[in-house]
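Here's a quick briefing on the model you have in front of you. It starts with a bit of vocabulary and then goes topic by topic.

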Amino acid sequence: MLKIITAVISRDLKLAMRRQADIVSALFFFIIVVSLFPLGIGPEPDLLRKLAPGVLWVAALLATMLSLPRLFADDHRDGTLEQLAIAPHPLGLVVTGKVIAHWLVSGLPLALIAPVLGVQFDLSAEALVAITLSILIGTPALSGIGAIGAALTLGLRGGGVLISLLVLPLYIPVLIFGAGAVDATVTGLGGEGHLSLLAALTFASIGFAPWAAAAALKIALE
Amino acid sequence: MTDRLNLYRFASPATFYPLAGAMIPYFVAVSVVFGIAGLWLGMLVAPTDFQQGEGYRIIFIHVPASWMSMFIYLIMAFWAAIGLAFNTRLSGMMAQALAPTGALMAFLSLWTGALWGKPMWGTWWVWDARLTSELILLFLYIGYMALTAAIDDARRADKAGGLLLLVGVVNIPIIYFSVQWWNTLHQGSSVNLAKSSMATTMLWGMLLMAMCFWMYSIAMALMRVRTIMLERERHTDWVKAELAHIVAGDEK
Amino acid sequence: MLEADNLECVRGDRRLFAGLGFKLDAGELLYLQGKNGSGKTSLLRMLIGLLPPEAGSIRWKGEAINSDEYRAELCYLGHLNAIKEELTPLENLLAAARLADEELSDDDALDALEQVGLAGREDLACKYLSQGQKRRVALARLVKEKRPLWILDEPFVALDMAAVDWLSGIISGHLQRGGLAVMTTHQKVNIAAGSVRELRLS
Amino acid sequence: MIHWASFSDFIAMGGYGFYVWGSFGMTALIMAIEPIVARRNRIATITRLQRQLRAETRNTAE
């Protein structure tokens, strides 16, 4: 079981490394969107500090979304997906591997760059830790839920826009607890409660979403 | 023994189509009766609310619309589960026939909520847990309709839409609780609907209006499902026979 | 071994075929023939379990085919090559084997690539290969393939004469070892088999 | 039994007329338009299917 998951992860990571432009452009999208906000709302540090968690999180949602349409589309186009679907192990495991790989190339870099962007918003040290942790813990859930949307819209016209329509409403709890963790830390309430709820959402998504996505893929392959 | 009641028979479009056609006028009539009774009780008889004055009368459509918007989503999810489990043709058609009415109910709930909120709370919109969840519900309806519309193959549209409905129905409580939690945390608006004990006439008015909305929704869904059936089953003999004798625009 | 009964296929509005059945035993080859759009590919997709038939059943060794055991005995080659443009032929072969839960050593993979005439190109990303060469990368899987049931969708497309002969030899070898094969093809090829069945879809 | 003294009172709704009638008006509008749209859609579908059917029978007759 672990063998197949690691096989999928290592293949997808190898592919991503050969196409670094994709990772880098999603990361730059994140950086640019976050940097645009101060220009739009003014440079007052108090205001920026207040808005930072929400801005960083919304930008993270959009940046993760950017790479979702290709999650299965490439494998679908060249016939690899069919081979994965008829391999002698459950398709849900394959999708789990793909979700983890997607997080490694799309969620993880966001968490690493987040503290740097937080500095732009004049966040305190513990707020920087909180935003990094919350993005680190929360983004796997985004990859998991996103996989369902990517699988449902596989091969459809205008799939990219449709994914956002399907997936963004389902992202709301992650957004609330993710940004809430930073807020709670800043106001001195402690972000642990939010972070554990975020972790619960992530575990539930990683455990459950790949199987729903696998069912959607089978429907798409019929 | 040949006349044994067979439930599967009613699940087949060929038998359900004429049955639905025959039932529509009854549902419309019952809906109108309930509507007149509810409006009479709610708009003419019910007394003024001591806190909200006459403005509370929006409740007679706001609450039924909100109920229906949630209820219809649950019914669609129920049909989706049946369709995915037993691979029945009718379930997907029913879910698709219900969706537009559900979305309109969610819209009405938001619209009347805004018109109610303005005089009572002084604002068209508050980020209250209930309003926010209703908005998200509307997004879920739109997502479902966009997905089924984007898929050309009817079978795939049913299955993919059904899966989305099930994912949505699992997520609705999570979304609701997270929004509620977020709302109490921010302590934004301390909005509370008047918890005053309702006058009996108000309660009855509301229930009658809810029945009216319910019957209306059923009539609309049946009307739409008949069209979907003709479209989907256009190569079967019963649809060809049906098409041969109906004159478009003329049939009841 | 492989039995199909009373299969019915509906795609969109059209009923492609109905009441279709066949039996295939060890060492036998089944040719599927028919015009474009007659349902050959749909039938193959039913046999690999991706497309549930409208009616009828498919059995492998007497069991329904929706099991991991069946998929572990199945090798499918679609009209898409299922190779990754960014990976080299060698990486493609090894990754495909790992994902299909097959044992394949580096030496075996290199040997297979040499047999399909890709010696010296093992380390070149597949996007630099020609159509025919890409097809050969996909076919290289068959060289070391030990699974008993092969399902091949147009395996001879885009191959030159020599490669056609080579592939016919590979398939013959598989059949002589007691394997089964179902394939579609437009070309007439010479494959030695215990018995060759033909199924015409119209 | 009737709560209102006059028709103009009823219309004014104690000063909330705009909000109450805005809600009921939108509801009435939607409940009027939705069946009309569904019916037009149905007529359009039937006409299209009948045309298709006619074309098919003509083709098989030839």
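A residue counts as buried under 20% relative accessible area, as exposed over 50%, and as partly exposed in between. Keep that in mind for one of the residues in chain C below. This is a predicted model, and its overall scores are ipTM 0.89 and pTM 0.90.

**Confidence**
- For chain D, the mean pLDDT comes out at 86, and 95% of the residues in that chain reach 70 or more.

**Chain A: fold and shape**
- Chain A is built with 9 helices and 0 strands, so if you read it from the N terminus on, you get α-α-α-α-α-α-α-α-α.
- How does the radius of gyration of chain A compare with that of a compact globule? A compact globule with 222 residues would have a value near 17 Å, and chain A has 18 Å, which agrees.
- Laid out along its principal axes, the C-alpha trace of chain A spans about 55 × 30 × 30 Å.

**Chain A: packing, surface and charge**
- Of the 222 residues in chain A, 58% count as buried.
- Take the contacts in chain A with a separation of 6 or more: 81% of them are accounted for by residues 24 or more positions apart.
- The area that chain A exposes is about 8,400 Å², with carbon and sulfur atoms supplying 74% of it.
- Chain A carries 12 positive and 13 negative charges, and the mean positions of the two sets sit 11 Å apart.

**Chain C: two positive phi angles**
- Asn6(C) has a phi near 55°, which is a positive value in a residue other than glycine. You'll find Asn6(C) in strand β1 of chain C, which covers residues 2-11.
- Asp101(C) also has a positive phi, near 65°, and is likewise a residue other than glycine. Asp101(C) is found in the loop between α3 (89-99) and α4 (106-115) of chain C.
- Why does Asp101(C) count as partly exposed? Its relative accessibility is 40%, and partly exposed is the class between under 20% and over 50%.

**How the chains meet**
- There are 4 pairs of chains that touch, and chains B and D have the most contacts among them.
- Chain A and chain D do not touch, and their nearest C-alpha atoms are 23 Å apart.
- Chain C and chain D do not touch either; for this pair, the nearest C-alpha atoms are 13 Å apart.

Key
Residues numbered from 1 in each chain as written. Chains lettered and ligands numbered in written order. Predicted model: local features only at pLDDT ≥ 70, side-chain atom pairs only at ≥ 80, totals over all residues. Heavy atoms only, no water. Helix = DSSP H or I, 4+ residues; strand = E, 2+ residues; numbered from the N terminus. Rg over C-alpha atoms; globule rule 2.2 N^0.38 Å. Buried < 20%, exposed > 50% of the residue type's maximum accessible area, 1.4 Å probe, protein only. Contact = heavy atoms within 4.5 Å. Areas by Shrake-Rupley, 256 points an atom, 1.4 Å probe, with all protein chains shown as cover. Lys, Arg positive; Asp, Glu negative; His and termini not counted. Charge placed at Lys NZ, Arg CZ, Asp CG, Glu CD. pLDDT = per-residue confidence, 0-100.
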